[in-house]
Amino acid sequence: MKEMEEINSILLTSGDTNVVIKATLDSIESLAGLMAKLSIIPNLQIISSQIVTKVIKDEQIIPRLAGVKLVCHYCNGSITGEPIVLDGIHYFCCTSCLRLFSSERGIATPH
Ligand SMILES: [Zn+2]
């Protein structure tokens, strides 16, 4: 079923229904068509089908801060590129801002 283009994801789950298939279909008729195609697969038993009418949250793990605008904690300038992070909470645009911030706060920096 991997080659069926309407299927977005095949999720293996625990329990009685151990495979959940997520598909994008344009009509009820294509659901019937998909069900017919799936029914011919040996060892596959269709327990139920649900139609997702609304997606409340489709969580995807964003590997980095894509589209998030960070502002330098010291100079308030927007950070372009990789931010310099201090203690995981303070972001700086450059090492000099980090150094100036740190010296004002009396924090020793490795830089
Ligand atoms: Zn700065």
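Select isoleucine 7 and then alanine 23, and you will find that the former stands opposite the latter, which belongs to strand β2. Widen the selection to the two strands themselves, and you have β1, residues 7-12, paired in the antiparallel sense with β2, residues 19-23, over five bridges. While β1 is still highlighted, consider how much surrounds this strand: none of its six residues is buried, so β1 lies largely in the open. Keep in mind throughout the tour that this is a predicted model, and that β1 has the lowest mean pLDDT among the elements of the chain, at 73, whereas helix α2, residues 95-105, has the highest, at 92.

Now step back and display the whole chain as a cartoon, where you can trace two helices and four strands, which follow one another from the N terminus in the order β-β-α-β-β-α. Of the 111 residues of the chain, 6% count as buried. Colouring by confidence puts this in context, because the mean pLDDT of the chain is 75, with 73% of its residues at 70 or more.

Next, select the helix α1, residues 28-39. Its 12 residues should span 16 Å at 1.5 Å a residue, and the end C-alpha atoms are indeed 16 Å apart, so the helix agrees with the expectation. The helix is hardly covered, since the count of buried residues among its 12 residues is zero.

Moving on along the chain, select residues 61-66, where pLDDT stays under 50 and the model has one contact beyond four places in sequence.

Cysteine 72 is the next stop, and its place is in the loop between α1 and β3. How many C-beta neighbours does cysteine 72 have inside 10 Å? There are 19, so cysteine 72 counts as partly exposed, one short of the 20 that would make a residue buried. Leaving aside neighbours within four places in sequence, cysteine 72 is in contact with Gly77, Ile79, Tyr91, Phe92, Cys93 and Cys97. If you draw a distance from cysteine 72 to tyrosine 91, C-alpha to C-alpha, the viewer should give 5.5 Å, although the two are 19 residues apart in sequence.

From there, select Tyr74, Ile79, Ile84, Phe92, Cys93, Cys97 and Leu98 together, for these seven residues make up the largest nonpolar core. In soluble globular proteins, nonpolar side chains tend to be buried together. Within this group, centre the view on phenylalanine 92, whose contacts, apart from neighbours within four places in sequence, are Cys72, His73, Tyr74, Pro83, Ile84, Leu86, Cys97, Leu98 and Phe101.

Two residues with an unusual backbone angle close the tour. Most residues other than glycine have a negative phi. Asparagine 76, however, has a positive phi of about 65° although it is not a glycine, and its place is in the loop between α1 and β3, residues 84-86. Is asparagine 76 buried or exposed? With 9 other C-beta atoms within 10 Å, asparagine 76 is exposed.

Finally, select aspartate 87, a residue other than glycine whose phi is also positive, near 55°. Aspartate 87 has its place in the loop between β3 and β4, the latter covering residues 90-92, and with 6 C-beta neighbours inside 10 Å, aspartate 87 counts as exposed.

Key: Residues are numbered from 1 along each chain as its sequence is written. This is a predicted model: local features need pLDDT of at least 70, side-chain atom pairs count only at pLDDT 80 or more; totals for chains, interfaces and linings use all residues. A nonpolar core is a set of buried Ala, Val, Leu, Ile, Met, Phe, Trp, Tyr and Cys residues joined through C-beta atoms within 7 Å. Two residues are in contact if their C-beta atoms, placed from the backbone, lie within 7 Å. Two strands pair if DSSP finds at least two bridges between them. pLDDT is the predictor's confidence in each residue, from 0 to 100. The expected span of a helix is 1.5 Å times one less than its number of residues.
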